[in-house]
Amino acid sequence: MRPDSALVHTPAPGVYLSTRGFESIVYGLAAALAALGSDDLQQLRTPPVIARDIIEKVGYHRSFPHLLGRVYAKTDTGLPAESDVVLLPAGCYCVYPLFAGVRLAVATELSIEATCFRQEAGAEVGRLRSFRMREFVRLDTAEHCLSWRDDRLSAAREWLAGLGLETESTVANDPFFGAGNRMMRALQRERELKIELLAEVGPGQVQAIGSGNYHTDQFGRLFAIAGPDGEVAHTACLAFGYERLALALLHRHGADPHRWPERIRKDLGLEATH
Ligand code: ATP
Ligand code: ZN
């Protein structure tokens with residue numbers, strides 16, 4: 001029998017069942033992450049699918065055709081055809097369309113919890129095909145989006161350090177701009193559009209447990225959103241993977257959360273299960 005705090009393998013690589021113990025950790029993380037945002041922050045939850053139109057509009061199907069999960073269903077003709085939804089690859093794609101054609105009077109921030117799917121090629125520890133993330137999304141001016149992202153990233157690093165997770169902050173390629181060619185990738189790196197917080201999620205297995213992205217005015221343009229300064233809105237998002245966070249904690253503090261440091265159990269609301 002596996003420990004009560006683990007993910008349980010299924011015949012599909014990268015697809016897991018989670019135990020009650022694992023879900024208690026995720027639940028604690030979800031509450032703690034929600035508390036990282038301001039009190040009056042609007043919080044949304046996604047379904048596991050999104051309109052295919054949106055994903056095509058943002059170009060995800062071109063940038064990451066290999067990761068996109070498409071949905072097919074039998075039609076009246078008896079033949080399968082592609083549906084008008086696809087599996088959601090990241091939470092914030094659900095947010096931008098909400099503001100399509102809007103002129104924002106003030107900078108806007110909201111938080112969204114998402115069930116995501118990516119047809120990942122590998123299935124190493126922490127690389128799931130179906131996983132959950134919490135995102136914070138900001139629509140603002142260029143300057144404020146960048147400072148917001150960096151402030152939130154340092155607050156997140158502090159929070160993670162309090163949970164015993166020392167993270168390494170590193171500049172990465174921005175997935176929102178696609179794999180692209182080498183020059184594009186180098187440019188994205190140089191502009192520091194994507195910053196990842198890395199931690200060990202298993203023995204010798206380092207992965208991004210969180211990431212902060214600055215998308216410039218890409219989504220503002222696509223969805224005709226004007227920012228508080230009347231210019232095309234810029235956007236940024238901060239995303240945390242629940243399963244990777246939980247795995248990092250289990251790797252750091254051991255497979256039995258009952259034996260984790262009392263303060264961390266308290267921070268994650270795990271005392272009740274003692
Ligand atoms: P990676 O480089 O590891 O593929 P990514 O840079 O594509 O991840 P993002 O698109 O920034 O990841 O996703 C936001 C967060 O969601 C990541 O920081 C990570 O915590 C989590 N995440 C992303 N992909 C996965 C996955 N396949 N399994 C579990 N969690 C994931
Ligand atoms: Zn995002």
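Is E135 buried or exposed? I began with this residue in what is a predicted model. I found a relative accessibility of 1% for E135, and since buried means under 20%, E135 counts as buried.

**Entry on the zinc site.** I next looked up the zinc ion (ligand 2) and noted its protein donors as C92 (SG), E135 (OE) and C237 (SG). These donors lie 2.1 to 2.3 Å from the ion. Along the chain I read their spacing as C-x42-E-x101-C. I then placed two of them in the fold: E135 belongs to strand β8 (residues 130-140) and C237 to strand β12 (residues 234-241). The pair is 102 residues apart and links distant parts of the chain. I checked C237 for burial as well; its relative accessibility is 1%, so C237 counts as buried.

**Entry on the fold.** I recorded eight helices and twelve strands in the protein chain. Of the contacts between residues at least 6 apart in sequence, 65% join residues at least 24 apart.

**Entry on overall dimensions.** I compared the radius of gyration with the value for a compact globule: 274 residues would give one near 19 Å, and the protein chain has 19 Å, so the two agree. Along the principal axes, I found that the C-alpha atoms fill a box of roughly 50 × 50 × 40 Å.

**Entry on surface and charge.** I noted that buried residues account for 49% of the 274 residues. The exposed area is about 13400 Å², with 53% of it supplied by carbon and sulfur atoms. I listed 30 positive and 34 negative side chains, and the centres of these two sets lie 5 Å apart.

Note on methods: Residues numbered from 1 in each chain as written. Chains lettered and ligands numbered in written order. Predicted model: local features only at pLDDT ≥ 70, side-chain atom pairs only at ≥ 80, totals over all residues. Heavy atoms only, no water. Helix = DSSP H or I, 4+ residues; strand = E, 2+ residues; numbered from the N terminus. Rg over C-alpha atoms; globule rule 2.2 N^0.38 Å. Buried < 20%, exposed > 50% of the residue type's maximum accessible area, 1.4 Å probe, protein only. Contact = heavy atoms within 4.5 Å. Areas by Shrake-Rupley, 256 points an atom, 1.4 Å probe, with all protein chains shown as cover. Lys, Arg positive; Asp, Glu negative; His and termini not counted. Charge placed at Lys NZ, Arg CZ, Asp CG, Glu CD. Donors = N, O, S within 2.8 Å, 3.2 Å for Na, K, Ca; no water.
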